[in-house]
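Biologist: Please take me through the reasoning behind the terms used for this model. I should like each value set against its definition.

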2 protein chains.
Amino acid sequence: MENIVSFSFTILGSSSGVPTSERFPAAHVVNVHERYFLVDCGEGAQIQLRKNNIGFGKINHILISHVHGDHTFGLFGLISSFSLLGRKSDLHIYAHPLLESILNDHRKHYYENLLSFKIIFHPLGSKKKNLIFEDEKVEIHTIPLKHRIPACGFLFREKPPLLNIRKEMAEFYRIPVKEMMNIKMGKDFINEKGEIIPNKTLTLPPVKPRSLAYCTDTKYTESILPQISNVDILYHEATYLHNMLEQAVETGHSTARQAGRLAAKAGAGKLIIGHFSARYKTTDRLIEEARAEFPGTYAAREGDCHIIEQVRMTM
Amino acid sequence: MENIVSFSFTILGSSSGVPTSERFPAAHVVNVHERYFLVDCGEGAQIQLRKNNIGFGKINHILISHVHGDHTFGLFGLISSFSLLGRKSDLHIYAHPLLESILNDHRKHYYENLLSFKIIFHPLGSKKKNLIFEDEKVEIHTIPLKHRIPACGFLFREKPPLLNIRKEMAEFYRIPVKEMMNIKMGKDFINEKGEIIPNKTLTLPPVKPRSLAYCTDTKYTESILPQISNVDILYHEATYLHNMLEQAVETGHSTARQAGRLAAKAGAGKLIIGHFSARYKTTDRLIEEARAEFPGTYAAREGDCHIIEQVRMTM
């Protein structure tokens, strides 16, 4: 009866503004129940998708945190390749409205407005949290961030899945098929004699809905804590070490120590730091600094895939 | 007295429209006497420059064959990185005028027109060959090509270097210092008695000026033969195998066999084929086909650097 379903976060790019020979600009893939979301699309994202064997056909939704080049310059090539390969399905892009004019200019210049598929643009505000995507498995909310230009993060929340019915109990209480869905949704069962059989008796403990918060680019801000509280994975930018705090504040970025502190306050399951300045040849010191605040810290690295396992709640 | 100076061609990207996990879109570096020319600038060019240890500061001239995405999408990130790193020196971009409006749109959207350096745009025509760059060491001419949109190749010609004077002859004929430059430029020497000492007696055989022709994207066309005759390196696109000739003609591209044939007719020293369709996982068959026409064929491969050696003419 156990249904193992995916919830993962793959890193395609871990650099900030200037890429290095090792690090590509920001791009990530969140996979929730085989729905793939490309989160930011820095230069080379299409090459990184290829390298990581993530088929272009899987990408139907692209979420852009803010309209800086290192988060968007990969869109042009990706859209071009989609069209050259004859894509037919709609592509949904969620971003600040400025990006729509940029993409329209590109279509005019490069494709004479001809693409093999439709782009459906979803303008994002960055002042308030908003539900921007929802289906039966997942919902995505924006997280208002504090950067030099309008920016928002994204909170991915798995919908509470249906309960699994204990087969032996279903037989024992002779539950009719028509009642099954109600029980899966959490209702108690009332039998022919009018006896109430509590739902808890009939079902396995529920699976904990998983969540991931993606927060870049941003200054340190505790205003996002209510939203990111207890997420399984917090991805948070750590452009600088804390000895560059002044520069971080000035440019609207965070330090590794700040990212660690935020993860601790949020009670996150795991912290992934990324968006590293090109000045850091290795991530050793960034990791060390964040771990002093929050031991469960990992450095974003191209090609790494972090999986959030499904766990049953203990009642 | 021998002065070994560089003339090389480095490949940063060998793919056509759609990159693969191995192949980046078109980008190349021509180095003539330590003048670096970035030739086409597909997505990821800046990352490839980093990987190949070609310092950003060396790139002052960017030549764009035509305004398709796979030859230009790397410009946005490269310009952005130049500016983030505080570049001060002018950047010269040679391309079809359409690219200027595209870059202007980008500046407006992404940088509010603020860059740390100046872009000097040189509009290129594609109907006639034109001298577009010249200094004391090298000249660059456009090569009119035949593609779906205006496109031109580039011919790099080393200027004939000054002659080297044989030291022993200079002493024997007691050549005064003021005459040296004339002799280096090829003049005979007339001594005090009015005797003519032929230049050939006084100097080493001249060094053969080197040349490289870069031809992509284009259909097969013999109209370029007069320009590319006897070049040391011919880089020519070979998007398809010859069994896809129809597709090649339709899309304004060449086949490997055609590239080989052209190199043979031009009497090129070496042929490098590139701009490979993503359908070819390896270049084996492309190379085989071109070599049947022209044995000195090599496949473009990311990171390869082809050096043209300096040779003295035999008199």
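Modeller: Leu271(A) has Thr297(A) of β15(A) as its bridge partner.

Biologist: What makes β14 (residues 270-274) of chain A and β15(A) a pair, and in which sense do they run?

Modeller: Strands pair if DSSP finds at least two bridges between them. β14(A) and β15(A) share 3 bridges and run in the parallel sense, so the definition is met. The strands themselves are DSSP runs of E with at least two residues, and helices are runs of H or I with at least four, both numbered from the N terminus. This is a predicted model, in which local features need pLDDT of at least 70 and side-chain atom pairs count only at pLDDT 80 or more, while totals for chains, interfaces and linings use all residues. Residues are numbered from 1 along each chain as its sequence is written, and chains are lettered from A and ligands numbered from 1 in the order in which they are written.

Biologist: Which strands of the open sheet in chain A are called edge strands, and why?

Modeller: The sheet has 7 strands in the order β7-β8-β9-β12-β13-β14-β15, with mixed pairing. β7 (131-134) and β15 (297-299) of chain A each pair on one side only, and these are the edge strands. From one strand to the next, the twist averages 20°. α10(A) packs on this sheet, touching β13 (233-237), β14 and β15 of chain A, and its direction makes about 155° with that of β13(A). α11(A) lies across β14 and β15 of chain A at about 165° to β15(A).

Biologist: How do you know whether α10(A) and α11(A) are roughly parallel or roughly antiparallel to each other?

Modeller: The axes of α10 (residues 256-266) and α11 (residues 284-293) of chain A come within 7 Å and cross at roughly 30°. Axes are lines fitted to C-alpha atoms, for helices over the stretch in contact, and angles run from 0 to 180 degrees between N-to-C directions. Angles under 35 degrees count as roughly parallel, over 145 as roughly antiparallel, 65 to 115 as roughly perpendicular and the rest as oblique. The two helices are therefore roughly parallel. Their contact includes Ala256(A) and Gly260(A) of α10(A), and Leu286(A) and Ala290(A) of α11(A). By class, this contact has 6 nonpolar, 1 polar and 5 charged residues. Ala, Val, Leu, Ile, Met, Phe, Trp, Tyr, Cys and Pro count as nonpolar, Asp, Glu, Lys and Arg as charged, and the others, Gly among them, as polar.

Biologist: What relation links chain B to chain A, and why is it so called?

Modeller: A rotation of 180° with 0.0 Å of shift along its axis superposes chain B on chain A, with an RMSD of 0.1 Å. That is the relation of a two-fold axis. In chain B, the C-alpha nearest the axis belongs to Gly44(B), 2.7 Å from it. The superposition is by least squares on the C-alpha atoms of residues with pLDDT of at least 70 in both copies.

Biologist: How do you know through which surface the copies meet?

Modeller: Residues are in contact if their C-beta atoms, placed from the backbone, lie within 7 Å. The contact takes 25 residues from chain B and 25 residues from chain A. α1 (45-51), α3 (74-84) and α4 (98-111) of chain B each give two or more residues to the side that touches chain A. That side of chain B divides into 11 nonpolar, 10 polar and 4 charged residues. Of the interface residues of chain B, 100% are also interface residues in chain A, so the copies meet through the same surface.

Key:
Contact = placed C-beta atoms within 7 Å.
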